[in-house]
Amino acid sequence: MMRSMPVQHTRAAVLPAARGAVRIAPVEIRDPGPGEVLLKMEACGVCHSDLFVAGLEKLPLTPLTLGHEGIGRVEAVGDGVWQFAPGDRAGMTFLGSTCGSCDWCRAGLERFCPRQLNFGYTLNGALAGWAVAPASHLARIPAGLNAAEAAPLCCAGWTAFGALREAGLEAGQTVALFGYGGLGHLALQMARGRGLRAAVADVSEEKLEMARAAGADIAVAADNAGRTLQKQQGGADAAIVFTANAAAIQQAFRALKRTGTLVLVGLATTAYELPLVDTVLKGVTVRGSYLGTARDLEEVFALACAGVVRARVEPHELEEAPALLERLRRGLILGRAVISF
Ligand code: ZN
Ligand code: ZN
């Protein structure tokens, strides 16, 4: 294989050690091995899961390049790569590779593969000028999409879509979205696209205003959202919790109608508690939702091409990544912060 230009190092958002401080540092670029591609990155979103990874007590790979929401252009391919050719655009998600042969892989549930590798966690990620990635699970990115707007679809959009699908609702039913950040704002657009009634709960009045402006049927303060939604809407058929917050989970549970579905998405290392009697007597379903299927990801990009979904993007440079993570931790990002390279 021929590389189109001689590149040796690139700058990346690097976690030097578990619970270390994220910094911008040079990392080596290697040639793509068998089944891998070399990508010149165009854009990468900053996700709450980057914070989750940065806060873990142990990490399998350090120093680690963060980032799992990246759009890049293929510059070179390793042996055996048939999925992409130089010049193609590709999207890096959290799902880097899977075994292909376990029960979950064979059932089309590859995201639950116990041997999966993840960009920005067990594989170096997309917050870098260049990245080497297994080709097998990279997304195909339609040519018409702007890279900065496409990047958040690779994690936030995909995950929101999967959660909404797994909520199992039909047009006219009500979904309550807890957390109006990167995932929540895309979920609202998708919910409206599906003809659902959508309620949004968040702790930030500014984000609630944004949700109203984006067409939320109701937008309420998160700390009393359960009771408010019961009173004003008769409860929700499903509630999806995008925030990594145990209090939000309880409010979401309280917001449910009888036989409603609680979908948990946001990650934290804490436990959560729910009322047992109500879970049983109201026939509540509690389920986790992680990423989505390959088809889901294709549908997300189709929705973006059709104009149904459009990420609200705050543009930034790589050098700002550590400060952006801190702002994300404090809930100060509106929509998605995206690094352009
Ligand atoms: Zn993510
Ligand atoms: Zn597998």
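1. A good place to start is the contact between the two domains: 23 residues of domain 1 are in contact with 19 residues of domain 2. On the domain 1 side, helix H1 (48–54) and helix H10 (294–305) each supply at least two of the residues that touch domain 2. H10 gives the largest share of that side, with five residues. Sorted by class, this side of domain 1 holds 12 nonpolar, seven polar and four charged residues. Please keep in mind that this is a predicted model.

2. Now for the domains themselves. Domain 1 is made of two stretches, 9–153 and 292–340, while domain 2 covers 157–288. Taken over C-alpha atoms, their centres are 26 Å apart.

3. Next, the packing. The largest nonpolar core counts 114 residues, and Leu177 and Ile240 are those with the most contacts inside it. Helix H4 (residues 156–167) provides the largest share of this core, seven residues. Both domain 1 and domain 2 give residues to the core, so it lies between them. As a general note, nonpolar side chains tend to be buried together in soluble globular proteins.

4. Leu177 deserves a closer look in your viewer. Leaving out residues up to four places away in sequence, Leu177 touches Gly184, Ala187, Leu188, Ala198, Ala199 and Val200, and also Ile240 and Phe242. Ile240, then, is a contact of Leu177 and is also named with Leu177 as having the most contacts inside the core.

5. There is an open sheet of three strands, in the order S2-S1-S4, with antiparallel pairing. Strand S2 (23–28) and strand S4 (64–65) form the edges, each pairing on one side only. Between strand S1 (residues 9–15) and S4, the antiparallel pairing runs over two bridges. If you want a landmark here, Leu15 stands opposite Leu64 in S4.

6. Which residues of helix H11 (residues 321–329) are buried? They are Ala321, Leu324 and Leu325. Viewed down the axis of H11, the buried residues fall within an arc of 105°, so they line one face of the helix. Their packing partners are S1, S2, H1, strand S17 (313–316) and strand S18 (336–340). Two of the strands in the open sheet, S1 and S2, are thus among the elements that the buried residues of H11 pack against. Just after H11 comes Gly331, with a positive phi of about 75°.

7. One peptide bond to check is that between Thr62 and Pro63: it is cis, with omega of about -10°. Pro63 sits in the loop between H1 and S4.

8. Finally, two residues other than glycine have positive phi values. Arg19 has a phi of about 60° and belongs to the loop between S1 and S2. Leu291 has a phi near 50° and lies in the loop between strand S16 (285–288) and H10. Are these residues buried or exposed? Arg19 has 11 C-beta neighbours inside 10 Å and therefore counts as exposed, since the cut-off for exposed is 12 or fewer. Leu291 has 24 other C-beta atoms within 10 Å and is therefore buried, the cut-off for buried being 20 or more. I would be glad to hear how these two backbone positions look to you.

Key. Residues numbered from 1 in each chain as written. Chains lettered and ligands numbered in written order. Predicted model: local features only at pLDDT ≥ 70, side-chain atom pairs only at ≥ 80, totals over all residues. Domains from an automatic or database assignment. Contact = placed C-beta atoms within 7 Å. Helix = DSSP H or I, 4+ residues; strand = E, 2+ residues; numbered from the N terminus. Nonpolar A, V, L, I, M, F, W, Y, C, P; charged D, E, K, R; others polar. Pairing = 2+ DSSP bridges. Arc of directions from axis to C-beta. Core = buried A, V, L, I, M, F, W, Y, C linked by C-beta atoms within 7 Å.
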